[in-house]
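Biologist: I should like to learn how to read the features of a predicted model. May we begin with a helix?

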Amino acid sequence: MAQQLDHLRTRAEFLRVVGRGQKWATPGLVIRVVRREAEHPDDAGRPRLGLIASKKVGSAVARNRVKRRLRALANELLPEHGKPGTDYVLIGRSATVERRFEELRQDLLTALERVHKPGRGHRP
RNA sequence: UCAGACGGUCGGACGGUCGCCUUCGCCGCGUGCGGCGGGGGAGGAAAGUCCGGGCUCUACGGAGACACGGUGCCGGCUAACGGCCGGCGGGGGCGACCCCAGGGACAGUGCCACAGAAAGCAAACCGCCUGUGCUGCGGCCAGGUAAGGGUGAAAGGGUGCGGUAAGAGCGCACCGCGCGUCCGGCAACGGCAGCGGCAGGGUAAACCCCACCGGGAGCAAGACCAAGUAGGGACGGCAAGCCGCCCAGUGUGAGGCGGCCGGGCGAGUUUCCGCGCCGCCGUCUGGGUCGGUCGCGCGAGGCGCUCGGCAACGAGCGUCCCAGAUGAAUGGCCGUCGACAGGGCCAAGACCCUUGAACAGAACCCGGCUUAUAGACCGUCUGACGCC
């Protein structure tokens, strides 16, 4: 998949981000973010992406579409707005399939801004 | 024209822009990456995982028995099937057509609730009839009967006529049923002489019997490469026979090696043959394996034509190469057109407006089945009405 972005590959990587990452929820998506420096201090590579669309989103067709829309969004925004050495996980919601793309883009920009703000707690 | 039956095809289209997977060619170097150019890139069900195969591993090779599971009219097709085609039988429909777990109930066993007198072996509750019986004149008793009533899903052929005390296949006709001659058919089966006065109820989606089929697990199968670990440990139980040699020796003893016998394990159980492994079995415990490559798409393959066949299908020729991901590509966004639906509008059409496409996403592959599915189109046929 994402060849502009590296991506998360194993279940362990996903669990680490979802379990410990900073969280922000918008109508169209939920974001989880964690920096990799704790495990790999000298790793300042490109941001990495993971996508989650659970069965709550709908059928296999709906889940695939959610992942494709989120992937397109991430490929557009993360190279510019993402921080190096950081893992991002985007979680699809039931509204992600139908929400207008422009609104989804605004959702992601807002979420990135909130999550990057220093000094915030883990649970907004 | 309307209503309907069957079969088949398709199941959003075009463009712009930014991307993804894979493959081929060329170029570059830092040899697996980058650049440029070309090709390919979800479905009819990709689904459910219900059958049948290929493939892989399992010692799983041959024969038999048992168990378990499956299939079940006949013939054909197929690699195979529980699939398909063509027939047969039964049922439904005016019809085109549709539906059917459709072997065996004289191999045996069981069951047939409720109701009913009686549910499988003949019997008789009400009734009908007879009597030289009894009587308190209501009936009772003895015998005959199974037509009628009543119960039931089912009551020991049905209808009619004769017959009779009343009745009864008691007799006859027709129908049904059983046996069965001959004829047609590969067969299932059908037709038809004749015989039998009727026996043999149902249930096998109850056990069962018969015939046929079937080892098991699955691509997270499995193989290779790299790195690294290990060729484990503890406890308990069972088995440790004979011969030869070596060491040792007073010795039929202890130890070691080899052979034979025996034993154990080997994917349902078991017997025989063959084969493989070696102490075997149980419990507890330590360590390793989730990186890469292959498997992984030339196939029971698609399309076209010809021939054989009623058909399923087969044969020949020509032509094409057509997804291969692995946190998982096959797309995101925009525009135009647009099906269905709703509204303007009381009804139909035209027009306009709104919305903007059903079921649904490959994960080793193939043949089927089943289930989901908005709508569009084509062909054949049936019935009704109208016209000629």
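Modeller: In α3, the residues L104, R105, D107, L108, A111, L112 and V115 are buried (under 20% relative accessible area with a 1.4 Å probe, protein chains only). Helices (H or I, at least four residues) and strands (E, at least two) are DSSP runs numbered from the N terminus.

Biologist: Why are these residues on the same side of α3?

Modeller: An α-helix has 3.6 residues a turn, so residues three or four places apart point the same way. Here the buried residues cover an arc of only 155° around the axis, taken from the directions from the helix axis to the C-beta atoms, which puts them on the same side of α3.

Biologist: Which elements do the buried residues of α3 pack against?

Modeller: They pack, with contact meaning heavy atoms within 4.5 Å, against β2 (22-25), β3 (29-35), α2 (60-81) and β5 (86-92).

Biologist: How is β5 placed in the structure?

Modeller: Six of the seven residues of β5 are buried, so this strand is largely enclosed by the rest of the structure. Strands pair if DSSP finds at least two bridges between them. Seven bridges join β5 to β3, and the two run antiparallel; R32 stands opposite V89 in β5. With β4 (residues 48-52), β5 pairs in the parallel sense over five bridges.

Biologist: On what basis are such values given?

Modeller: In this predicted model, local features need pLDDT of at least 70 and side-chain atom pairs count only at pLDDT 80 or more, while totals for chains, interfaces and linings use all residues. Residues are numbered from 1 along each chain as its sequence is written, chains are lettered from A and ligands numbered from 1 in the order in which they are written, and side-chain values use heavy atoms, with hydrogens and water left out.

Notes:
Buried < 20%, exposed > 50% of the residue type's maximum accessible area, 1.4 Å probe, protein only.
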